[in-house]
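Colleague: I'd like to learn how to read a model like this one. Could you walk me through it?

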Amino acid sequence: MVRQDRATLEDLEANAVVTKADMPFSVVIPVYNEASGLAERARSVVSGLPHGCEVVFVCNGCTDDSQAILEREVSNEATILACAKGKAHAIRLGEQHCSIFPRFYVDSDVWISGDGLARLSACLNDRTLLVSPRIRFDVTDASPAAAALSRFWLALPHGQSSAYHHVLGIGKALRSRWGEFPDLIADDTFIESLAKDEEKAIIDTVFVTTSPPKSWWAWVQVRVRWQQGINQLVRARHRPPQSQGQTRAILKKAIQPRWALIAVLYISSVVLARILARSGLFPESAWITDATSRQS
């Protein structure tokens with residue numbers, strides 16, 4: 001099923017009328033214990049890149065074989081570094097080894113090709129300073145509840161038009177709006193918050209594939225971490241971006257027979273996550289890793 005989905009995405013990308021950048025760009029990929037499937041994902045990222053691109057994988061506190069896998073599979077195409085645990089540490093170190101723009105920040109647990117990154121890079125210009133691909137979920141082996149929650153989230157306005165997650169490409173002008181990358185949980189939301197609405201775009205013809213949590217409880221835990229990131233941004237006096245019409249869309253779906261049950265589950269799960277995020281049961285200093293979506 002996974003291979004079929006990816007083939008479909010490749011067909012869509014190949015048939016889309018999108019200019020592919022032939023100028024190089026830089027890519028920073030933090031890695032934390034992502035050994036399962038990492039070889040194939042890493043090879044995908046470095047495939048189809050324009051000549052001269054800077055690709056930096058940064059293993060931060062890895063205790064598995066992630067670094068060895070990267071050195072074996074992509075050391076000729078990318079720089080492989082290591083640092084102490086922490087995504088912000090990894091991003092800072094990775095940026096020290098990058099000199100060109102545009103720049104991409106890519107999660108190591110997602111699927112995107114170098115060709116896809118090149119297509120995204122072509123969409124960046126003096127007016128568009130932030131781009132992300134459209135998200136596609138691979139719900140293979142997910143429980144019915146987890147799969148339904150993921151599909152529901154993706155059908156909402158945020159998932160459809162303002163999900164700047166997993167892969168973010170930026171121009172030099174946007175990067176100039178902050179100094180050293182801050183120690184924040186919601187790194188992608190932080191970056192998005194610095195771009196005006198008219199300066200960012202979701203590119204519908206490029207896709208990133210990710211595996212969402214496989215169980216309801218895993219989904220709630222990931223949502224707890226997301227909420228902690230938002231709370232942290234607010235405390236740091238950043239204004240998290242708002243998805244227009246999100247609440248209205250949820251309520252509208254709640255009265256539709258097709259969506260009613262899952263809407264109730266979604267609302268109750270989000271409320272529970274918000275409570276847990278403030279409860280102290282999940283310290284912000286302890287990274288919540290969704291092991292269910294990293295099973296091979």
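Colleague: Let me begin with one residue: is Cys 123 buried or exposed, or something in between?

Modeller: Cys 123 is partly exposed, at a relative accessible area of 21%. Keep in mind that this is a predicted model.

Colleague: Then how far should I trust the coordinates, and what is the average pLDDT of the protein?

Modeller: The general idea is that predicted coordinates should not be read in detail where pLDDT is low. Here the average is 89, and 89% of the residues score at least 70. Residues 1-9 stay under 50, with 10 contacts beyond four places in sequence in the model. Residues 11-17 also stay under 50, and for them the model has 11 such contacts.

Colleague: Back to cysteines: how many disulfides does the structure hold?

Modeller: It holds 0 disulfides. Take Cys 83: its closest cysteine sulfur belongs to Cys 59 and is 8.6 Å away, too far for a bond, since a disulfide needs the sulfurs within 2.5 Å. Cys 83 is partly exposed, with 23% relative accessibility.

Colleague: Now the rings. How many aromatic pairs are there?

Modeller: Such a pair is described by the distance of the centres and the angle of the planes. This structure holds 10 aromatic pairs. In one of them, Tyr 105 and Phe 181 have ring centres 6.0 Å apart and planes at 50 degrees, so the pair is tilted. Tyr 105 belongs to strand β4 and Phe 181 to the loop between α8 and α9, so their pairing ties together parts 76 residues apart in sequence. Both count as buried: Tyr 105 has 6% relative accessibility, and Phe 181 has 1%.

Another tilted pair is Phe 137 with Trp 153, where the centres lie 5.8 Å apart and the planes meet at 45 degrees. It links strand β6, home of Phe 137, to helix α6, home of Trp 153, parts that are 16 residues apart in sequence. Phe 137 is buried at 17%, as is Trp 153 at 13%.

Colleague: Which residues form an aromatic cluster with Tyr 105?

Modeller: Trp 178, Phe 181 and Phe 190 join Tyr 105 in one cluster.

Colleague: And which charged ends sit over rings?

Modeller: Arg 103 places its charged end over the ring of Phe 101, 4.1 Å from the centre. Arg 223 does so over Trp 226, at 4.3 Å.

Colleague: One last residue: where is Tyr 32 found?

Modeller: Tyr 32 is in the loop between β1 and α2, and is partly exposed at 22%. Its side chain makes a 3.2 Å polar contact with that of Lys 85. The C-alpha atoms of Tyr 32 and Ser 66 are 7.6 Å apart, although 34 residues separate them along the chain.

Conventions: Residues are numbered from 1 along each chain as its sequence is written. This is a predicted model: local features need pLDDT of at least 70, side-chain atom pairs count only at pLDDT 80 or more; totals for chains, interfaces and linings use all residues. Side-chain values use heavy atoms; hydrogens and water are left out. pLDDT is the predictor's confidence in each residue, from 0 to 100. Contact means heavy atoms within 4.5 Å. Helices (H or I, at least four residues) and strands (E, at least two) are DSSP runs, numbered from the N terminus. Buried means under 20% relative accessible area, exposed over 50%, partly exposed in between (1.4 Å probe, protein chains only). A polar contact is a pair of N or O atoms within 3.5 Å; within protein, one must be able to donate a hydrogen and the other to accept it, and residues adjacent in sequence count only if both atoms are side-chain atoms. Rings of Phe, Tyr and Trp (its six-membered ring) pair if their centres lie within 6.5 Å; planes under 30 degrees apart count as stacked, over 60 as edge-to-face and the rest as tilted. A charge sits over a ring if NZ of Lys or CZ of Arg is within 6 Å of the ring centre and within 35 degrees of the ring normal.
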